[in-house]
Amino acid sequence: MSAADQKKTLEEIAPGELVAKKQVEQKSPLPPLEGAEHGKVVTRFPPEPNGYPHIGHAKAAIIDEEYARMYGGKLILRFDDTNPLKEKLEYYEAIAEGLEWLGVKPDIVKNTSDDIAILHDYGKRLVNSGGAYVCTCSQDRVRDLRAKGLACECRADGVDVAGRLEKMFAGSYEQNEAIIRFKGDMADPNTAMRDPALFRIIEGDHPKVGKKVRVWPTYDFAAPLEDSLDGVTHAMRTKEYELRNALYFAILDRLGLRKPAMIEFSRLEFEGMPVSKRKIRPLIDSGTIKSWDDPRLPTLSAFKRRGFVPEAIRKFVLSLGLTLAETKPPFEALEAFNRKIIDPRCMRLYFVRDPVEVRVEGAKEMQVTLKNHPTDPSLGSRKVRVADRLFMAGDDAQNLKEGDELRLIELYNIKVAGLERQDGRVRAVRAVMGGDEIRQSMPKVQWIAKNDIVEFQVMIPKALYAGEEYNPDSLEVAKGGVESFAAALAPGAQVQFVRFGFCRIDRSNTAILTHR
RNA sequence: GCUCCGGUGGUGUAGUCCGGUUAAGCAUUUCGCCCUCUCAAGGCGGAGAUCCCGGGUUCAAAUCCCGGCCGGAGCACCA
C-alpha cells in the first residue's frame, strides 16, 4: 500500500488521528545552539598570532560572532599566544585588521598570555593534587612510550614531584629537560589521553611578555582553562580537534571548573588555494609570489585586494552550515554572492584586451555621453570624444568577416568593409557607418576612442596549485587599454569592464579581475 | 597500525537525533525564455539525486540496526 493510500485508509478508520509532523522553522542560516539562553551566550575566536588571517579564520570568526549576536551574547577575541617561538606582534595586528574588515566586532579582546600567572597557578595546583606530574624523559622516549601505551618512571609514586615542580618554575631545568604531563590513561585508545604535555619550557622572546616567562602552557591546557575562566558557554573549533574533547573536559573535571559546550565544524579551504603556510611560504621566499595579499592567496588581505566584499564572505560562510563533512566548497558560490552585492554599485566601463584599431570611414568627430550604470543614474555618466578611429578587443576582431555588422555599444553600428591581417591575425578593421538602429540580434562590443585610450592591464588570478604542484600559469595578465576615465580611477575602485568582468583597481594602470 | 569523524543531483548544503506529510528543499553550475545598447544584475521556466554499497528491523527507511567500501582527522614539549 502506498503512503497516500495508507493515509486515506487511516483517515477512514480513525478520522482526526493523523498528526502533522511538527514544523521546525528557523530563521538563521545556522542551527540553534544546544542549551543556549538568550543574553547569556559567550563565544570566542582564538587564533594564534602566527600568520596572516585567511578564509579559514574568517569562517570560524563569523560563526562565533553570528552565534553571539543570535543570542544577544558576547564574542571574545582571544589571541592564543602560548608559543613565543611562533608568534609575532605584526600578526596580532594583521588578525585584528582582518576581523575589522570582515565586520566581526569582538566585545572583548585579550591574550592567553595575559593570564599566564593564572595558568601557572592552575598547573601547579593540578600537579600538587596528583592530576599531573613532571616528566624529565626525552622527547623521543615520551613519544615512544605513548605509542606503546606505557607509563614512564616519572609518573610513579615516590618521585619528588614537589621538588621537580619547584625546579621547573625556578629555572633549574633547561628547555626540553622537563614537561608537565596530564595524568590520563597511558592505555587509552584515544591517544590524546595518553598523558599529553600541559606545560613545556621555551626560551624565547614573547611578543607580549618578553623573556620573563619560560614555562608555557600547551594548547591542550590553555584552551579549556581560558574558555572556562572567560565564561565561554559555547566553544567552537574545527573537527581535527575532536579527539581532544575528552582531554579538554578531563582537565576541567579534575580542576573542578565549569565546562563549556563544544561544537565542531569542518575546515574551509578552496580547491587549488591552499591555506597552509607550508605551501605558501616557499613561494613567497622564492619570490614567485610577492606578498601575502597576492590575489591568488586565500588570505583576507588578498580577498580584499581582489575585490571581494565582507558581506559576500559572510553570506557564503553561513551558507556552508556547520557540517562535519570535509569538502572543498565551490569558489563559484562565493563569486555569485559577491557579484550580486557589487553589481549595483559598479560603474560599467570599457576595457579592450589586445586592441585592434578600427577606422570608420566617414565618421565625424563627435561627443557621446556614456552611462556609468545601466539602471542606476546616480552613478553618473561620462563624456567621450570620438572621431573616425577607435579600438575594439582583439578577440572580437578575430571573428569578423567582411560585411559583418556590429554595434559599438552606446555609439553606432558599423559594417565591416575590410580586414587587414598579419600572420593570419586581424590587425586592423576598416568599416563604414551602419546606422544607429539598435537591433537585438546584432553583436555588441565595447570600444575606446583612439584619442582616449590608455594602456592598461588586468591581472587574472587562477588556481595557485594544481594538485600538489604550484601552477605556473596561476596569474594571467590581460594587456590592453581602457578609457582615460577608467585610468583615472583611484586604487580600490570596483568596476565592471563590460563583457570582461568585475575588477578592482589595484594601482595605476592595473586592475585585478575579481570574477566574471 | 590503533582510535575517531564523515559519505544526499556536476558542486556545496537542508532534512537524519524523534522513520510516514512532496521519494528529497535551498544555493551554485548549466540550458531555454523575458528584460536589456554587456557574455552583468533582475524575472520566469527546465535539466540534473535508485539519498556510498549490501543485508536486517518495519505496513513504511535518506532517516533505526549490522557488515562492507571510500574519504578525512588524531596519535608534537604546534595551535
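Hi everyone. Let me begin with a term: a polar contact here is a pair of N or O atoms within 3.5 Å. Keep that cut-off in mind, because this is a predicted model, and the first contact I want to show you sits at 3.5 Å.

That contact joins Arg339 to RNA strand B: a polar atom in the arginine side chain lies 3.5 Å from a phosphate oxygen of the strand. Arg244 goes for a base instead, with a polar side-chain atom 3.1 Å from a base nitrogen of RNA strand B. And Asp80 has a side-chain N or O atom 3.2 Å from a sugar or linking oxygen of the strand.

Which elements give two or more residues to the surface near RNA strand B? They are α1 (3-13), α5 (139-148), β6 (197-201), α11 (310-320) and α12 (331-342). The largest share, five residues, comes from α12.

Now let's zoom out. RNA strand B is surrounded by 58 residues, and the closest are Gln139, Arg200, Lys340, Arg348 and Arg499. On the RNA side, sugar and phosphate make up 64% of the strand's atoms that come within 4 Å of the protein. On the protein side, we have 25 charged, 19 nonpolar and 14 polar residues.

Last stop, the sheet. Four strands make an open, antiparallel sheet in the order β4-β5-β6-β7. At its edges are β4 (132-135) and β7 (215-217), each pairing on one side only. Neighbouring strands are turned by 20° against each other on average, ignoring direction. Between β4 and β5 (residues 179-182) there are four bridges, and Ala132 has Phe182 of β5 as its bridge partner.

Thanks, everyone!

How values were computed
Residues numbered from 1 in each chain as written. Chains lettered and ligands numbered in written order. Predicted model: local features only at pLDDT ≥ 70, side-chain atom pairs only at ≥ 80, totals over all residues. Heavy atoms only, no water. Near = heavy atom within 4 Å. Polar contact = N/O pair within 3.5 Å; in protein donor to acceptor, adjacent residues only side chain to side chain. Nonpolar A, V, L, I, M, F, W, Y, C, P; charged D, E, K, R; others polar. Pairing = 2+ DSSP bridges. Axes fitted to C-alpha atoms, helices over the stretch in contact; angles between N-to-C directions.
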